[in-house]
Amino acid sequence: MLKPILTLLLACTLTSAAAAPGTAAPAAAGEVPSGPERPRPEHKPYVRWWWLGSAVDREGLDYNLSEFARKGIGGVEITPIYGVRGNERNDLEYLSPAWMEAYTYTVRRAAELGLQVDMSNCTGWPFGGPWITPAESAQKYILETRCLKAGERIDGPLLPADPKQQAVARLQVVQAVSERGERLNLTDRITPAGELAWQAPEGGWTLYALWAGRTFQKVKRAAPGGEGLVLDHYDREAVEHYLQRFDEAFDAAGAPWPDTFFNDSFEVYGASWTETLPAQFERDNGYRLEEYLPEFAAEGADDRSARIVSDYRRTLAGMLLRNFTQTWADWAHARGSRVRNQAHGSPGNIFDFYAAVDIPECESFGRTEFDLPDLRRDADAKRSDADPAVLKFASSAAHVTGKPLTSCETLTWLTEHFRTSPAQCKPEIDQILASGVNHVYFHGAPYSPRGAAFPGWLFYASVNLSPTAPWWRDAEGLFEYVARCQEFLQAGAPDNDFLLYIPMEDISHRRQGKNLLLFDIHKMERTMPELKRTMNALVRGGYDADYISDRYLCGTTVRDGELVTEAGTRYRALVVPACRLIPHETLERMLALARQGATVVFLERYPDDVPGFGRLGERRKQLARLTRRLPEADFRQLGEHRFGRGCILTGGDLGELLAAAGGRREPLKAAGCQLIRRKDGRGRRYFLSLLASQGIDGWREIGATARQVVLTDPLTGRSGTAAIRPTQHGTTEVYLQLQPGQSMLMEAYAEAQANLVAWPYAGAEGTAIEGRGWTLSFPEEPDTAAISLAEPCSWTTLSPELQVFCGTGRYTATFAVPDPAAAASWVLDLGRVYESARVRVNGREAGIAWSVPFRLEVGRYLDAGDNRIEIDVTNLAANRIADMDRRGLEWRIFKDANIVSALNRPLDTSDWPTEPGGLNGEVKLIPVQSKTIR
């Protein structure tokens, strides 16, 4: 039995020849501009599309793009990376004529299929390549000291200790500091030979020498033609020169510009300097950093040092924003393209970096521990960094600045390779959507040539959402779900009640020990724990907020008692978390907003000092003038203080303050729902997901007043009007039925719309009907005989061959239904599914069960009497890949990182336990009566 399966398994060793079909002739340059307009089907999920070695050809491009379109992907982001061993003859050099021809064909074919094409502005990451000269590469400062006694001098050139830096580092400043505190700038004493022409006078002296060195970082995971040094992102001329290479390549090829250019997170390791920083620092802060090298070297050890370091960080961030982010965006806009940016990792207020681009993008990395029954666990998975308080930096920037889309690099390292199920994807995506994301980019899909041997071409960081993944067969279930949710969430406008001020200067002042402060998404708990806790407490309390920075608060006005950003987004109040330091200009703006009619909330304390060192006395006087106007407050209790036409609220209880500020609390959050609310001209729109272990069946209050509520199941598209009733305090209660893991789209209309069918509420369940005559067959193995089963069970328990089988098994049974009309609906409960199931009832497609709970409504397909139900279950590749490793078969054929584990170690699957495959429990057909809600 199953001899063909066993034969297939024994023949699965990968070779470079099998992995790389011959290269077809590329498209002629310039074909696309005269073709069809490129679509923007942005409600569909997009995918990061890795081109391994850029070894693409027409056949493979057409196959991959056609599969993406067929299953419901809306667009691709081309990101070339390292290649496949033994396949070098098919590699295409990045931006070469051949590469541009392949790109041009991709855009034309994608347009024919209704797909959008985006493109990373580099191979791998970050920006850099062979055309970046050492003089344009990423810089870091080198600050060293030398101790001299009276009469001593430095012999020979003054060089940094690191031999690698001695040939490239450029001395910027030398300062001598005596034991008595006397300071001498000795920079002009450096001779053309690099020697310091100075002898220490009486007393002990410390020399501080600061060089502009190089990080020597090279592009990570670079593709052929993209290898080289990383760009100095703080240098505008270097950035412009870097982008010029794209102008040359696109102009020479006559190629169309992509819809959107992408930049991965700021992972320019150790880039702490650029040679023009001292001059910019003086312009920004009114004093010279060169005069305070001892304080700079102390890295925030005392108040004075911390202030100077904060000034440095602010200047560095401003240079990145102006010289890289805005320069890059302006360049793309001039060519008709948008920019999408992951701002996290930047050395400054990441809100401002997100806000400067067309599509702010956050990322989800690792797995969140959701307490959902029957949700598959993976002990080796990395704990997720996708905390809603971090995700909301990107969506907040989009909301405040009126950008319609917030994207997210989604599902990165959700589980270990070969172990990701679609059911595991849904709650992670739901949490992202509830945090304000409405434009998902799956991470990702490695390009594989058509016919590549199992497991196909792979990227070192899971997840694999490409046609080589086993459950690609059922992937449209997940993709259609995301599309329905995103179409819903891209409509209307944001409806968060509060703006949460980011006290960036206070955060910076408290972070000591290293002058370069990068806001890495994986380390936010260390860099801004207090702000994260405030946002999470606000959300858990039933409210919602968007962050706002000093820069964008200054452009906010007041209308009808509400805060209105420059883009027109409205908020009920501004919340100022506990902080000590604040720019006096920001506090002045806060008080002006209150005088004009806004509500400003101060949590736990008033700020009482200014940040930074430049013009400190003058700025402190300005702040003192403002703080004298603040109402006297006892922060141990709620204080409501009239202030001009507005109000200042003070206190230590966040929930109490938010209620006093008029926030519309959403009690559903206390029931375990994660949700986001939006608004349009007709009322409020809710996306909600029950990410908790207990279901909901009853009346639940929402924070809106509604005459009609329409529910839509985003899994199926089914809609209907919900049962509602008013509360005594003017809001509305909705009758909801949600099982753990289930999500819902809800529209709360201020006025009733056209007549719609009522939402079908499920009542009592009748006696379940069990199938008889169960068989298990394997459609992909037509020579294999069907197996008779007493009841559905995992196929891995049936034979050694099936323990390592990867594919689809078909469970078939007959269900006797005397009278389908005897119940309002019939639910097929599949129990535990490993991992997705496509169901046919009497030969008709009844749906795909891919997420918990694994249930489908099948009443419309049932006949009186016997009903044949077929359940095609597709499992994961884990068992098959573990068998390959145990037998020593070579499938790791990739350069650079090749394949590593989720914990960044060599991936050895040989000791993996056998995972269940197929069905593993009772399958029941359940009659359900309707429930009348009064």
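In this predicted model, one open sheet is built from six strands that follow the order β36-β35-β37-β43-β40-β41, and the pairing within this sheet is antiparallel. Its edges are formed by β36, which covers residues 787-788, and by β41, which covers residues 844-849, each of these strands pairing on one side only. Within the sheet, strand β40 (residues 836-841) and strand β43 (residues 865-874) run in the antiparallel sense and are joined over six bridges; V841 has I869 of β43 as its bridge partner.

A further open sheet of six strands, likewise described by antiparallel pairing, has the order β15-β25-β26-β32-β28-β29. Here the edge positions are taken by β15 (493-494) and β29 (719-721), each of which pairs on one side only. The edge strand β15 is paired with strand β25, which comprises residues 673-680, in the antiparallel sense over two bridges, and in this pairing P494 lies opposite R678 of β25. In general, the strands of a sheet pair through backbone hydrogen bonds, in either a parallel or an antiparallel arrangement.

Among the helices, α22 spans residues 878-886 and is mostly covered, with eight of its nine residues buried. The buried residues of α22 comprise A878, N879, R880, I881, A882, D883, M884 and D885, so that charged side chains such as those of R880, D883 and D885 are listed with the buried set. The helix α22 is followed by G888, a residue whose phi is positive, with a value near 75°.Considered as a whole, the protein chain contains 22 helices and 45 strands. Its radius of gyration is 31 Å, close to the 30 Å that the globule rule gives for 934 residues, and the chain is therefore as compact as a globular protein of that length. Along the principal axes, the C-alpha trace of the protein chain extends over about 105 × 75 × 55 Å. Of the 934 residues, 63% count as buried, and residues 24 or more positions apart supply 79% of those contacts in the chain that have a separation of 6 or more.

With regard to the surface, the accessible area of the protein chain amounts to about 34,000 Å², and 47% of this area belongs to carbon and sulfur atoms. The chain carries 106 positive and 121 negative charges, and the mean positions of these two sets are 3 Å apart.

Conventions. Residues are numbered from 1 along each chain as its sequence is written. This is a predicted model: local features need pLDDT of at least 70, side-chain atom pairs count only at pLDDT 80 or more; totals for chains, interfaces and linings use all residues. Side-chain values use heavy atoms; hydrogens and water are left out. Two strands pair if DSSP finds at least two bridges between them. Helices (H or I, at least four residues) and strands (E, at least two) are DSSP runs, numbered from the N terminus. The radius of gyration is taken over C-alpha atoms; the globule rule is 2.2 Å times the number of residues to the power 0.38. Buried means under 20% relative accessible area, exposed over 50%, partly exposed in between (1.4 Å probe, protein chains only). Contact means heavy atoms within 4.5 Å. Accessible areas come from the Shrake-Rupley method with a 1.4 Å probe; for residues, only the protein chains shown count as cover. The place of a charge is taken as NZ of Lys, CZ of Arg, CG of Asp or CD of Glu.
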